[in-house]
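Here are a few exercises to work through with the viewer open. Try each task before you read its solution.

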Amino acid sequence: MAVIESIEIMRDEMTRWRRDIHAHPELGFEENRTAAIVAQKLREYGLEVHTGIGKTGVVGVLRAGDSTRAVGLRADMDALPIDEANCFEHRSTHAGRMHACGHDGHTTMLLGAAKYLAETKRFNGVVNFIFQPAEEGIGGARAMIADGLFDKFPCEAIFGMHNRPGLPVGQFAVRAGPMMAGGAFFDIAITGKGAHGARPEAGIDPVLVASQIVVALQSIVSRNVRPVDPAVVSVTMIHSGDAYNVIPQTAKLAGTVRAFTHESMTLIESAMRRVVTATAQAFGAKAELDFRLTFAPTVNDAKEAEFAAAVCADVAGAGNVHRNPNLIAASEDFSFMLEKVPGCYFNIGNGAGEGACEVHNPAYDFNDEALPLGASVFARIVETRLSRA
């Protein structure tokens with residue numbers, strides 16, 4: 001396995017960085033400590049550092065040679081509002097917050113690559129190291145873009161990676177075209193007519209209306225979306241009523257939609273509006289749908305996906321690169337960056353077998369064995385793409 005030797009030497013140092021960040025998790029747009037650590041280290045390495053991009057985002061710029069060609073490398077920094085169940089020494093020191101998705105590891109891998117590339121400068125061009133806030137559904141990528149990310153730091157291509165539990169350490173998964181689903185959140189407000197629980201004829205029951213809407217929504221994917229276009233509609237919350245003997249006035253539903261194309265997402269939204277409005281009207285109630293696209297589908301450029309796969313194979317060996325992995329129904333807001341600049345988002349193995357834990361789980365932890373691998377791939381992307389040859 002061709003991990004870069006000088007990055008391998010940094011293994012213990014990178015592990016300390018990662019565990020420190022893990023112990024001090026910060027939610028989206030609150031990554032002040034993490035951003036300060038990132039900015040300080042980048043300055044120590046001699047990079048040009050820009051802070052406050054998208055509120056708490058950081059961009060480090062490294063130049064070598066005389067070429068103006070530029071590549072972007074991105075890592076996310078935010079944590080999740082979860083109580084950590086782990087008992088190891090570097091567990092979260094903040095109740096209700098933890099790095100349950102591995103962004104501490106992603107940040108560390110990119111810092112390791114930055115340190116190595118700043119020391120060696122075996123490339124000709126510009127590298128933009130993008131440390132993004134607020135990936136977990138609150139718009140960090142769009143905030144950085146709105147702040148002029150690609151106007152100030154133009155890139156011919158951009159690359160990001162995410163750890164994948166269940167995939168062995170030392171393996172990578174790269175897919176051309178759609179990689180991860182776009183995601184939307186929705187809220188449905190239903191207004192009926194409150195009444196005594198013993199006199200339903202005097203009211204309009206919003207609980208009944210909500211129940212019918214939940215059932216009807218399940219027909220959208222099965223009877224409107226093409227069977228070859230994967231999509232999901234999930235109602236995840238139902239709230240109504242406060243007493244045993246009162247038919248409430250209102251009910252609320254909420255949930256998420258996932259689809260791999262904008263066309264499918266638009267179709268589902270349109271069908272939801274029709275179903276919600278018509279179902280409520282059929283019972284004499286009213287209902288309003290608030291539908292919010294939170295993540296675009298993550299779609300990799302075919303050429304850049306092939307390039308990224310080749311670099312991963314260089315580091316890990318061709319047999320350790322899965323070039324056509326399954327689609328992932330989860331979402332990622334790196335997708336918005338990919339809509340502006342061609343690039344590739346891929347997975348790095350976080351470990352399989354007993355003890356492996358999915359992301360967004362209170363027992364999750366990033367696998368430090370993956371740190372030198374990820375940093376090496378980031379570095380090789382730059383050295384290969386911006387070769388001095």
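**Exercise 1. Find which exposed residues sit on the face of helix 8 turned away from its buried side, then work out how the buried ones are arranged.**

Step 1. In this predicted model, the face turned away from the buried side carries Glu263, Thr266 and Gln281, which are exposed.

Step 2. Now list the other set: Ser264, Met265, Ile268, Ala271, Met272, Val275, Val276, Thr279 and Ala280 are the buried residues of helix 8. Look down the helix axis and they fall within an arc of 145°, so they line one face of the helix.

Step 3. Ask what that face packs against. The buried residues of helix 8 pack against helix 7 as well as strands 8, 10, 12 and 13.

Step 4. Check the helix length. Helix 8 has 21 residues, and its first and last C-alpha atoms are 30 Å apart, close to the 30 Å expected at 1.5 Å a residue. Just after helix 8 comes Gly284, with a positive phi of about 80°.

**Exercise 2. Lay out the sheet of four strands and place the helices on it.**

Step 1. Write down the order: this open sheet reads 10-12-8-13, and its pairing is antiparallel. Strand 10 (231–240) and strand 13 (286–295) are the edge strands, each pairing on one side only. From one strand to the next, the twist averages 15°.

Step 2. Zoom in on one pair. Strand 8 (residues 182–191) and strand 13 are antiparallel and share nine bridges; Phe186 has Phe291 of strand 13 as its bridge partner.

Step 3. Add the helices. Helix 8 (residues 262–282) packs on the sheet, touching strands 8, 10, 12 and 13, and its direction makes about 165° with that of strand 13. Helix 7 (residues 206–224) lies across strands 8, 10, 12 and 13 too, running at about 175° to strand 10.

**Exercise 3. Do the same for the sheet of eight strands.**

Step 1. The order is 1-2-4-3-5-16-6-15 in an open sheet, and the pairing is mixed. Strand 1 (48–53) and strand 15 (321–322) each have a single partner strand, so one side of each is left without a neighbour in the sheet.

Step 2. Take the pair at one end: strand 6 (residues 172–173) and strand 15 run parallel, with two bridges. Phe172 has Val321 in strand 15 as its bridge partner.

Step 3. Find the helix. Helix 11 packs on this sheet, touching strands 3, 4, 5, 6 and 16, and its direction makes about 165° with that of strand 5. Of its 15 residues, 13 are buried, so to speak of helix 11 as mostly covered is fair. The helix covers residues 371–385, and its end C-alpha atoms are 21 Å apart, which agrees with the 21 Å it should span at 1.5 Å a residue.

**Exercise 4. Decide whether Asn300 is buried or exposed, then list what Arg122 touches.**

Step 1. Asn300 is found in strand 14 (residues 298–300). Buried means under 20% relative accessible area, and Asn300 has 3%, so it counts as buried.

Step 2. Leaving out residues up to four places away in sequence, the contacts of Asn300 include Arg175, Met179, Leu338 and Tyr345.

Step 3. Arg122 is in the loop between helix 4 (103–120) and strand 4 (125–132). With the same sequence neighbours left out, Arg122 touches Tyr116, Glu383 and Arg388. The side chains of Arg122 and Tyr116 are joined by a polar contact of 3.2 Å.

Definitions and conventions. Residues are numbered from 1 along each chain as its sequence is written. This is a predicted model: local features need pLDDT of at least 70, side-chain atom pairs count only at pLDDT 80 or more; totals for chains, interfaces and linings use all residues. Side-chain values use heavy atoms; hydrogens and water are left out. Two strands pair if DSSP finds at least two bridges between them. Axes are lines fitted to C-alpha atoms, for helices over the stretch in contact, and angles run from 0 to 180 degrees between N-to-C directions. Contact means heavy atoms within 4.5 Å. The expected span of a helix is 1.5 Å times one less than its number of residues. Buried means under 20% relative accessible area, exposed over 50%, partly exposed in between (1.4 Å probe, protein chains only). The arc is that of the directions from the helix axis to the C-beta atoms. A polar contact is a pair of N or O atoms within 3.5 Å; within protein, one must be able to donate a hydrogen and the other to accept it, and residues adjacent in sequence count only if both atoms are side-chain atoms.
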